[in-house]
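These are my notes from going through the coordinates. I wrote them in the order in which I looked things up.

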Amino acid sequence: MIAQPYQLYVERTDTTKNMARFYAMAIEPTLFGDVCLTRRWGRIGAQGQMMKHSYPREEEAVDLFLDLLRQKRSRGYHPRDRTAVR
């Protein structure tokens with residue numbers, strides 16, 4: 001059982017480089033009692049790629065989640081600006 005929900009969606013945009021990327025993560029339980037960290041990334045508006053990591057314990061998935069979050073923040077990813085019109 002997962003103690004609390006873990007979900008993240010961040011974006012990185014740079015109009016001078018024609019860059020518009022997203023990165024999303026979520027930790028969810030599996031049917032077999034394990035914990036799964038699902039990652040999705042790609043260009044905003046596209047389906048992108050996906051990778052899943054299964055762990056027997058929630059703490060292991062959370063460690064990877066936080067490590068990836070630190071990496072993405074250091075590379076300029078930030079939460080989507082909800083005031084911007086798309």
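How many salt bridges does a search of the whole structure find? I ran the search and it returned 3 salt bridges. I keep in mind that this is a predicted model.

**Entry: arginine 57 and its partners**

I began with arginine 57. Its side chain meets that of glutamate 59 in a salt bridge, with N to O at 3.4 Å. I then found a salt bridge between arginine 57 and glutamate 60, where the closest N and O atoms are 3.8 Å apart. I therefore noted Arg57, Glu59 and Glu60 as linked in a network of salt bridges, since a side-chain nitrogen of Arg within 4 Å of a carboxyl oxygen of Glu is what counts.

Next I looked up accessibility for the three. Arginine 57 has a relative accessible area of 46% and is partly exposed. Glutamate 59 is also listed at 46%, which makes it partly exposed. Glutamate 60 is at 29% relative accessibility, and I put it down as partly exposed.

**Entry: aspartate 67 and arginine 70**

I turned to the salt bridge between the side chains of aspartate 67 and arginine 70, which has an N to O distance of 4.0 Å. Where do these two residues sit relative to each other in helix H1? They are 3 residues apart in H1 (residues 58-74), so about one helical turn separates them. Aspartate 67 is partly exposed, with a relative accessible area of 34%. Arginine 70 is exposed, at 54%.

**Entry: arginine 39**

I wanted to know about a charged residue in the sheet strands, and picked arginine 39, which lies in strand E3 (residues 35-43). Is arginine 39 buried or exposed? I found arginine 39 buried, yet without a salt bridge. The nearest side chain of opposite charge is that of aspartate 67, 8.4 Å away. That distance is beyond the limit for a salt bridge, because the nitrogen and the carboxyl oxygen have to be within 4 Å.

Which side chains does arginine 39 reach by polar contacts? One polar contact, of 2.9 Å, joins its side chain to that of tyrosine 23. Another, of 3.2 Å, goes to the side chain of histidine 53. I also listed the contacts of arginine 39, leaving aside neighbours within four places in sequence; among them are Ala24, Met25, Gln49, Met51 and Leu68.

**Entry: strands around E3**

I checked how E3 pairs. Strand E2 (residues 19-29) runs antiparallel to E3, and 9 bridges join the two. Arginine 21 stands opposite arginine 43 in E3. E2 and E3 form a hairpin with 5 residues between them, and in the turn glycine 33 has a positive phi of about 90°.

I then followed E3 to strand E4 (residues 49-55), where the pairing is antiparallel over 7 bridges. Valine 35 has tyrosine 55 in E4 as its bridge partner. This pair of strands also forms a hairpin, with 5 residues between E3 and E4. I noted glycine 45 in that turn, with a positive phi of about 95°.

**Entry: aromatic pairs**

How many aromatic pairs does a search of the whole structure find? The search gave 4 aromatic pairs. I looked into the rings of tyrosine 23 and tryptophan 41, whose centres are 6.4 Å apart with planes at 25°, so I recorded the pair as stacked. This pair links distant parts of the chain, as tyrosine 23 in strand E2 and tryptophan 41 in strand E3 are 18 residues apart. Tyrosine 23 is buried, at 3% relative accessibility. Tryptophan 41 is partly exposed, with a relative accessible area of 23%.

I went on to the rings of tyrosine 23 and tyrosine 77. Their centres are 6.5 Å apart and their planes are at 65°, so the pair is edge-to-face. Tyrosine 77 lies in the loop between H1 and strand E5 (78-79), whereas tyrosine 23 is in E2, so the pair ties together parts 54 residues apart in sequence. Tyrosine 77 is buried, with a relative accessible area of 8%.

I closed this entry by noting that ring pairs link Tyr23, Trp41 and Tyr77 into a cluster. Tyrosine 23 is also the residue whose side chain I had listed in the 2.9 Å polar contact with arginine 39.

How values were computed: Residues numbered from 1 in each chain as written. Predicted model: local features only at pLDDT ≥ 70, side-chain atom pairs only at ≥ 80, totals over all residues. Heavy atoms only, no water. Buried < 20%, exposed > 50% of the residue type's maximum accessible area, 1.4 Å probe, protein only. Helix = DSSP H or I, 4+ residues; strand = E, 2+ residues; numbered from the N terminus. Lys, Arg positive; Asp, Glu negative; His and termini not counted. Polar contact = N/O pair within 3.5 Å; in protein donor to acceptor, adjacent residues only side chain to side chain. Contact = heavy atoms within 4.5 Å. Pairing = 2+ DSSP bridges. Phe/Tyr/Trp six-rings, centres within 6.5 Å; stacked < 30°, edge-to-face > 60°.
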